[in-house]
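Q: Hey, I've just opened this one and could use a quick tour. Can we start with the ligand's surroundings?

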Amino acid sequence: MSNTLNSLTATIEQYQKNIDQMTIQTQEDLEKFRINFLGSKGILKDLMSAIKDVPVEEKKQCGHICNEFKKFVEIYFEETKKRLNIAVISPKGHIPIDATLPVYDQNRGSHHPLSIVRRDIEHLFSKIGFIVVDGPEIEDDWHNFGSMNLPESHPARDMQDTFYLSHNPTYLLRTHTSSVQARVMESTKPPIRVICPGRVFRNETISARSHCFFHQVEGLYIDTAVSFADLKQTLYYFVTEIFQQNVQIRFRPSYFPFTEPSAEMDIQCLLCAGRGCTICKHTGWVEILGSGMVHPQVLENFKIDSNVYSGFAFGMGIERICQLKYRINDLRLYSQNDIRFLKQFTVK
Ligand code: DAH
């Protein structure tokens, strides 16, 4: 073997070692590599032109070695380019991402149980023609109380410990979603068929059973000839669908200033099947909502003729439905953001 071929082979081997040890991390480094090896005055050009000094009988072998090295350099360049192009997507552009690595199971997020139940409720009522409506959490006295037949000094106001805004006490944090009923009646002509989910606030001590904020869904249906039978049937449909079973219901006469007659609806306790447990306070029944026929005065407050139109309304706490569905017995869990609680609701 001639000296020229020997030294050429050694040189190429050395280059190959160098390349093996390279860690190209940026486009600039890659460009330097390209100019150095593949550029018009680069290493490969020099090697190729060195072939002419090799004795004729070794030219073929020499050409083969150089060509193999050239292929190696080109492949290395293309692969590195691909790798860096993927890495450019990463924020700094310098961290190479190996897209061929296997995917690890990521920590998947979950829906909050209250969101799951709220969405289910919205879905069920949408199926029977109810529209989902939103309203403000900061309300004025009229929409939260006055228009709902709770004039100032009405004793029923005491039932709802209200947070008033300190700089302007005519505004308050809504104590119930009935305020959204008021806003809908104000802006829409019957027929009206809405449900209004949202957060409400009451000045109560935080414990397992009470909280200073919670969630309600209000329902309102106004049309000609709406009867109490419609209310019952709608709510019966709702409970059997939401709990996915045949649920026993009962109505107890009650009092709400905005409905007449009024009733509270109980369902047979799902946790003990009516036999009696701590959830149903050993009665076999749990109250899940308040309801009634919209008081004529409330209709008139919004210039809806109570001789022509009638309607029903209901209001329920989403936490209560959640409690029965998922056996969540402490209201504080909903807002503590404890990952051990939340991840139990991961969508599978
Ligand atoms: N607003 C009531 C509350 O927060 C719940 C309620 C009862 C809403 C009867 C209604 C209703 O629409 O008809 O306790």
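Q: What's the shell around the ligand like by class?
A: Mostly a mix of kinds: four nonpolar, ten polar and two charged residues. Ala, Val, Leu, Ile, Met, Phe, Trp, Tyr, Cys and Pro count as nonpolar, Asp, Glu, Lys and Arg as charged, and the others, Gly among them, as polar. This is a predicted model, where local features need pLDDT of at least 70, side-chain atom pairs need 80 or more, and totals for chains, interfaces and linings use all residues. Residues are numbered from 1 along each chain as its sequence is written, and side-chain values use heavy atoms, without hydrogens and water.

Q: Which residues are closest to the ligand?
A: His176, Ser178, Arg202, Gln216 and Glu218, out of 16 that surround the ligand (a heavy atom within 4 Å).

Q: How far is the side chain of Ser178 from a nitrogen atom of the ligand?
A: An N or O atom there is 3.0 Å from that nitrogen, a polar contact (N or O atoms within 3.5 Å).

Q: And the oxygen atoms of the ligand?
A: One is 2.9 Å from a side-chain N or O atom of Gln216, and a polar side-chain atom of Gln181 lies 3.1 Å from an oxygen of the ligand.

Q: How much of the ligand does the protein cover?
A: 91% of the 350 Å² of accessible area that the ligand has on its own (Shrake-Rupley method, 1.4 Å probe).

Q: New topic: how many helices and strands?
A: Eleven helices and nine strands, taken as DSSP runs (H or I, at least four residues; E, at least two) numbered from the N terminus.

Q: What box do the C-alpha atoms fill?
A: Roughly 115 × 45 × 40 Å, along the principal axes.

Terms used
Polar contact = N/O pair within 3.5 Å; in protein donor to acceptor, adjacent residues only side chain to side chain.
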